Amino acid sequence: MFSFFKKKPVAPEAAPAVPAASAPTVPSVPSSAEPAAPLVFEVETAAKPEPKQSWMSRLKAGLSKTSANLSILFVGARIDDDLYDELEAALLMSDAGVDATQFLLDALKRKVKEDKLLDAAQVKDALKQLMIGLLQPLQKPFELGRHQPLVMMITGVNGAGKTTTIGKLAKHMQAHGQSVLLAAGDTFRAAAREQLMVWGQRNNVTVIAQESGDPAAVSYDAVQSGKARGTNVVMIDTAGRLPTQLHLMEELKKIKRVIGKGLDGAPHETLLVIDGNTGQNALAQVKAFDDALQLSGLIITKLDGTAKGGILAAIARVRPVPVYFIGIGEKIEDLQPFNAAEFVEALLA
Ligand SMILES: Nc1nc2c(ncn2[C@@H]2O[C@H](COP(=O)(O)OP(=O)(O)OP(=O)(O)O)[C@@H](O)[C@H]2O)c(=O)[nH]1
Ligand SMILES: [Mg+2]
């Protein structure tokens, strides 16, 4: 069992509480403003963290397609070229990509030879160990308390799960005694701001929003407000965008620069949220967002759907940005830290 966050006790940088009057205005949402559409955030307040076993079984269920495709190959199999061919096809099918697939196959063949493995179960186990070795460098605990406030910028393509993930993280952080402030940096969609603010009200999280529609200005305000209030964590939501929308990628760079003007060294985390069902395109997203923003971490969502999971192997080989969390559903406990051994156990059950 490992904890959700790593926590570093921090000597607060000069960030005394400042009277609320000097903080940027937080527009209030009229209580009658219940949105017609269901909220993105539906977090059960009474939800207790489920036992680890339940998480594992749901992760296994999410990745069952790949796990079935891989595991079947080893049932009563002979260790020959046919097995390696089938394994290659199954790995490619799992979204592992050409590079990681070739890497794993070469390493496996070497291992089989060196250790004189004759039994399919042993070969499967060797593959598991190789996969864990490949994914291990992506595993990195998310450390709280390094900065006050710890400023996080959350990016990704449309519908990847950014806002939902921010909501889940906020609840996890609160449970770890952190005060959280959110910035409604998605000024693109009119409903996005209200959505976040209603959620903030319900969950006792301050949301900084602006009518102006300038995401960099909202982000700057949020950082200032976080400093003034002595908030532990500031999370900045951004509007979804495709890496091919170059002007919108430029806008992200600007938001990042402006955050840095609000607080030296911020954002301390620049995160990309990826929909686990995106296939190989996820790798293109990692590259493009990393080139533009120098990502510090990834969050992979929706590993409960038709996701195949192999994309993590591709990321590990081609652009090894740490994967802080993975998501397997819409509830708060459906977001957990990424653990390489656990993930491979689900992928190759
Ligand atoms: N099944 C499943 N659904 C998820 C998960 N994470 C998020 N979702 C759903 O994905 C949809 C989009 O999530 P959002 O959080 O609105 O995505 P976003 O990236 O903020 O979207 P934009 O702001 O429109 O770019 C919502 O219906 C979420 O409930 C997950 O891990 N599993
Ligand atoms: Mg959103």
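In this predicted model, the side chain of Thr-163 has an N or O atom 2.7 Å from an oxygen atom of ligand 1. Two further residues also place a polar atom beside a ligand oxygen, and the table puts the three side by side.

| Residue | Part of the residue | Distance to an oxygen atom of ligand 1 |
|---|---|---|
| Thr-163 | side chain, N or O atom | 2.7 Å |
| Lys-302 | backbone, N or O atom | 2.9 Å |
| Asp-186 | side chain, polar atom | 3.5 Å |

How much of ligand 1 does the protein bury? Taken alone, ligand 1 exposes 650 Å², and the protein buries 81% of that area.

Now let's look at the neighbours. There are 19 residues around ligand 1, and those that come nearest are Lys-162, Thr-163, Thr-164, Asp-304 and Glu-330. Which helix gives the most to this shell? Helix 6, spanning residues 162-175, does so with three residues. Sorted by class, the shell holds nine polar residues, six charged ones and four nonpolar ones.

Stepping back, we can see the protein as a whole. Its 349 residues include 12 helices and 10 strands. Buried residues account for 54% of the chain's residues. On the outside, the protein exposes about 15400 Å², with 54% of that supplied by carbon and sulfur atoms.

Finally, consider how distant parts of the sequence meet in the fold. Among contacts with a separation of 6 or more, 79% are between residues 24 or more positions apart.

Key. Residues are numbered from 1 along each chain as its sequence is written. Chains are lettered from A and ligands numbered from 1 in the order in which they are written. This is a predicted model: local features need pLDDT of at least 70, side-chain atom pairs count only at pLDDT 80 or more; totals for chains, interfaces and linings use all residues. Side-chain values use heavy atoms; hydrogens and water are left out. A residue is near a molecule or strand if one of its heavy atoms lies within 4 Å of it. A polar contact is a pair of N or O atoms within 3.5 Å; within protein, one must be able to donate a hydrogen and the other to accept it, and residues adjacent in sequence count only if both atoms are side-chain atoms. Accessible areas come from the Shrake-Rupley method with a 1.4 Å probe; for residues, only the protein chains shown count as cover. Helices (H or I, at least four residues) and strands (E, at least two) are DSSP runs, numbered from the N terminus. Ala, Val, Leu, Ile, Met, Phe, Trp, Tyr, Cys and Pro count as nonpolar, Asp, Glu, Lys and Arg as charged, and the others, Gly among them, as polar. Buried means under 20% relative accessible area, exposed over 50%, partly exposed in between (1.4 Å probe, protein chains only). Contact means heavy atoms within 4.5 Å.
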